[in-house]
Amino acid sequence: MDDSAKSAEPREFSSPLLSTEILQAYHGNDGVECEEKRQEETWSVPAILILTTLVAVSGSYVFGSAIGYSSPSQNGIMDDLNLGVAEYSIFGSILTIGAMIGAIISGRIADYAGRRAAMGFSEVFCILGWLAISLSKVGWWLYVGRFLVGCGMGLLSYVVPVYVAEITPKNLRGGFTTVHQLMICCGVSLTYLIGSFLNWRILALIGTIPCLVQLLGLFFIPESPRWLAKFGHWETSESVLQRLRGKNADVSQEATEIRDFTEALQTKTEATIFGLFQLQYLKSLTVGVGLMILQQFGGVNGIAFYASSIFISAGFSGSIGMIAMVAVQIPMTALGVLLMDKSGRRPLLLVSASGTCLGCFLAALSFFLQDLHKWKEVSPILALVGVLVYTGSFSLGMGGIPWVIMSEIFPINVKGSAGSLVTLVSWLCSWIVSYAFNFLMSWSSAGTFFIFSAICGFTVLFVAKLVPETKGRTLEEIQASLKR
């Protein structure tokens, strides 16, 4: 892949977004208001930026398809390979173990080989994994394949949001980065839908298609300008920045800011994971790790993996409930993408966390009424409404914004180590919740959801007190402010 490869200048698309700060930087303070009104109608987004983002987030679709694969393929795999429930549970859970391994190495690969190379490595893992699953004759080949796909997922879950955040301008960064979560939702939903009609081996082969799309697309997109600057490739970094912003954009201020900030950080050594626990990184680490812990301990994977059984336990149809979840999830995630750079991260997080708190409380109330044998006609509907409110609210903000903020708050000299740690914490917490969920539900269904509701309520306080607003600020401005 040639970082400096030239391509024809792309045509440009109109968008109603432009920040006052950019206008002030480019045109000075005089006449900013008039210029802003004019530009708001015609602000252009280069085609190369859209193409680059789409190639990157095709990896997010791979992520989603891997999560969605185990549910529709369960009966076919168990019948064809004579697996028991315990053996199939290993197949399901080994994905998360692979993802934790991928998370540990993700930062180092992305830092030393580059963002594009990290995405390429992840897709090689995923392709080999899908092929191993598709060709499996015995159970252990399934496990090897699933583990390899998990390693690829761990890499993708870190590098995709980081890469998209580093290539996009500050007034579009939130929305573009949240497309990562939207594509995960699409991957889960479409794999679940297609898997209802296709054999599990064919479904695994279909899983290689988005991997190949990204692998081939990587040859046509540029490296991150901030990664290039980190390694002293100043001219290439500015040239890539110009391509990503459009031929008529003035990138001098942004390029200078990236260069100054990177040079200031080069006096400091690369931090290891243990080196992150210093006072200067304390706030960034608290926000990044805290959001991931609260995201997972709010119960999302327990609800997602066992949604059908939740509806059945509440006396409702599992299939209708799953269809309703998909119908809510994708539109609400798309709404979050549209609102991200208009309302800001904090307001969306606050609304989202409040909604997940309410959704868990309604589901808990449904199970509580069931235990009391009261309102038997109402409790199934209450469970359905609760899970749908939770799903919609989570998709609006808590699903994608923690990854957006993770990609924004860490300076380039610690981004690899910090990103690996945050991604590892996310996958570890995901595994803990997935593993413990059935035990918790056996103990008390109502109690489980009351616990989730309390954690979601605490998330509201955490966001209100600690999470900074990053909308409309460059990565360098955000990172400098968190060191104060």
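How many helices and strands does the protein have? It has 22 helices and two strands, and bear in mind that this is a predicted model. Of its 484 residues, 56% are buried. If you take the contacts between residues at least 6 apart in sequence, 83% of them join residues at least 24 apart. Here's a quick tour of some helices, two helix pairs and a couple of individual residues.

**Helix 6**

- Helix 6 runs over residues 139–167, which gives it 29 residues. From first C-alpha to last it reaches 42 Å, close to the 42 Å expected at 1.5 Å a residue.
- There's a bend in helix 6, of about 30°, and leucine 156 is where it sits.
- Is helix 6 mostly covered or mostly uncovered? Mostly covered: 25 of its 29 residues are buried.

**Helix 6 against helix 7**

- Helix 7 covers residues 173–195, and its axis comes within 9 Å of the helix 6 axis. The two cross at roughly 155°, and with angles over 145 degrees counting as roughly antiparallel, helix 6 and helix 7 are therefore roughly antiparallel to each other.
- The crossing of helix 6 past helix 7 is right-handed. On the helix 6 side, the contact is made by Leu156, Ser157, Val160, Pro161, Val164 and Ala165; helix 7 brings Arg173, Phe176, Thr177 and His180.
- Leucine 156 turns up twice here: helix 6 bends at this residue, and Leu156 is also part of the contact with helix 7.

**Helix 11 against helix 12**

- Helix 11 (residues 234–245) packs on helix 12 (residues 252–265) at an angle of about 140°, and their axes are 10 Å apart. That angle makes helix 11 oblique to helix 12.
- This crossing, too, is right-handed, with helix 11 passing helix 12. Helix 11 makes the contact through Trp234, Glu238, Leu241 and Arg245. From helix 12 come Glu254, Ala255, Ile258, Arg259, Thr262 and Glu263.
- For the spacing of such residues, recall that an α-helix has 3.6 residues a turn, so residues three or four places apart point the same way.

**Helix 13 and what follows**

- Helix 13 spans residues 282–297, and its 16 residues should cover 22 Å at 1.5 Å a residue. The end C-alpha atoms are indeed 22 Å apart, so the two values agree.
- Buried residues in helix 13 include Ser284, Leu285, Val287, Gly288, Val289 and Gly290. Further along helix 13, Leu291, Met292, Leu294, Gln295 and Gln296 are buried as well.
- After helix 13 comes glycine 299, and its phi is positive, near 100°.

**Threonine 423**

- You'll find threonine 423 in helix 20, which takes in residues 415–443. Its relative accessible area is 0%, so threonine 423 counts as buried.
- Leaving out neighbours within four places in sequence, threonine 423 is in contact with Ala103, Gly154, Ser157, Tyr158 and Trp403. Ser157 also belongs to the helix 6 side of the contact with helix 7.
- Threonine 423 and glycine 107 are 316 residues apart along the chain, yet 9.3 Å separates their C-alpha atoms.

**Asparagine 82**

- Where does asparagine 82 lie? In the loop between helix 3 (47–81) and helix 4 (85–112).
- Asparagine 82 isn't a glycine, but its phi is positive all the same, at about 55°.
- With a relative accessible area of 65%, asparagine 82 is exposed.

Definitions and conventions:
Residues numbered from 1 in each chain as written. Predicted model: local features only at pLDDT ≥ 70, side-chain atom pairs only at ≥ 80, totals over all residues. Heavy atoms only, no water. Helix = DSSP H or I, 4+ residues; strand = E, 2+ residues; numbered from the N terminus. Expected span 1.5 Å × (residues − 1). Bend = angle between axes of the 7 residues up to and from the residue. Buried < 20%, exposed > 50% of the residue type's maximum accessible area, 1.4 Å probe, protein only. Axes fitted to C-alpha atoms, helices over the stretch in contact; angles between N-to-C directions. Parallel < 35°, antiparallel > 145°, perpendicular 65-115°, else oblique. Left-handed = near helix turned anticlockwise from the far one by under 90°. Contact = heavy atoms within 4.5 Å.
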